[in-house]
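Colleague: Before we rely on any of the labels attached to this model, I would like to go through the reasoning behind them one by one. Could you set each value beside its cut-off as we go?

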Amino acid sequence: DQAVLAAAADAKQDAAQSPVVLLSPACASFDQYNDFEERGYKTVRYALEEPYMKNKDAIRGCDVVFIAVPTPTKPDRGFDYSIVRDALTLVGEEKIAVIKSTILPGTTELLQKEFPNVLLLHSPEFLSEATAAEDAAHPVFNIVGVPEGGAALARAAVSPQSGRELQ
């Protein structure tokens, strides 16, 4: 799209004066792409089913890992987030883990203490049972939570010195 190319050229020129440039399109970019692969990102999917089981070891090398696993509430044991903890053991050091699963308030902070070399973010999905696929593909909003003290880690994770880009 020519408008996007023109905006990028303007941003490049502006970036010569400031290290931060914010592009805010008139429409959400998720309307233009179905997933991260269409956006040009290399993706790795791991799940306990074929053909994805073979990708388990590749998770450690991913810069950003999205964790979407079931977190049931059981009458005899209460809220169970052990599967989130298990998934976090697969994430490499100095990487970012985004927990999409439902967890109780304070859980991200507890897990951040347990996994201090992984930046944890919580971005819950808001899905209705009847329209879950549509809700996941086209969220009305996204909320990202960071444990107390995590904001500095988040900024450092996407700083120019980190070699990562926030897009």
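Colleague: What makes Glu49 buried, exposed or partly exposed?

Modeller: Bear in mind that this is a predicted model. Glu49 has a relative accessible area of 42%, and because buried means under 20% and exposed over 50%, Glu49 is classed as partly exposed.

Colleague: How do you know that Arg45 forms a salt bridge with Glu49?

Modeller: The closest N and O atoms of Arg45 and Glu49 are 3.7 Å apart, and since the criterion asks for a side-chain nitrogen of Lys or Arg within 4 Å of a carboxyl oxygen of Asp or Glu, the pair is therefore counted as a salt bridge. Arg45 itself is partly exposed, at 47% relative accessibility.

Colleague: Why is Arg45 said to lie over the face of Tyr52?

Modeller: Arg45 lies at 4.3 Å from the ring centre of Tyr52, and the distance part of the rule asks for CZ of Arg within 6 Å of that centre. The rule also asks for a position within 35 degrees of the ring normal, and Arg45 is listed as lying over the face of Tyr52.

Colleague: Why is Lys95 called buried, when Asp63 is called partly exposed?

Modeller: Lys95 has 17% relative accessibility, and buried means under 20%, so Lys95 counts as buried. Asp63, with a relative accessible area of 41%, falls between the limits of 20% and 50% and is therefore partly exposed.

Colleague: What makes Asp63 and Lys95 a salt bridge, and which parts of the chain do they link?

Modeller: Their closest N and O atoms are 3.2 Å apart, which satisfies the 4 Å limit. The pair links distant parts of the chain, with Asp63 in the loop between α1 and β1 and Lys95 in strand β4, 32 residues apart.

Colleague: How do you know that β1 and β4 pair?

Modeller: Two strands need at least two bridges to pair, and β1 and β4 share four, in the parallel sense. One of the partnerships involves Val64, whose bridge partner in β4 is Ile96.

Colleague: What ties helix α2 to helix α3?

Modeller: Arg85 forms a salt bridge with Glu114, the closest N and O atoms being 2.9 Å apart. Arg85 lies in helix α2 and Glu114 in helix α3, so the pair ties together parts that are 29 residues apart in sequence. Arg85, at 27%, and Glu114, at 41%, are each partly exposed.

Methods. Residues numbered from 1 in each chain as written. Predicted model: local features only at pLDDT ≥ 70, side-chain atom pairs only at ≥ 80, totals over all residues. Heavy atoms only, no water. Buried < 20%, exposed > 50% of the residue type's maximum accessible area, 1.4 Å probe, protein only. Helix = DSSP H or I, 4+ residues; strand = E, 2+ residues; numbered from the N terminus.
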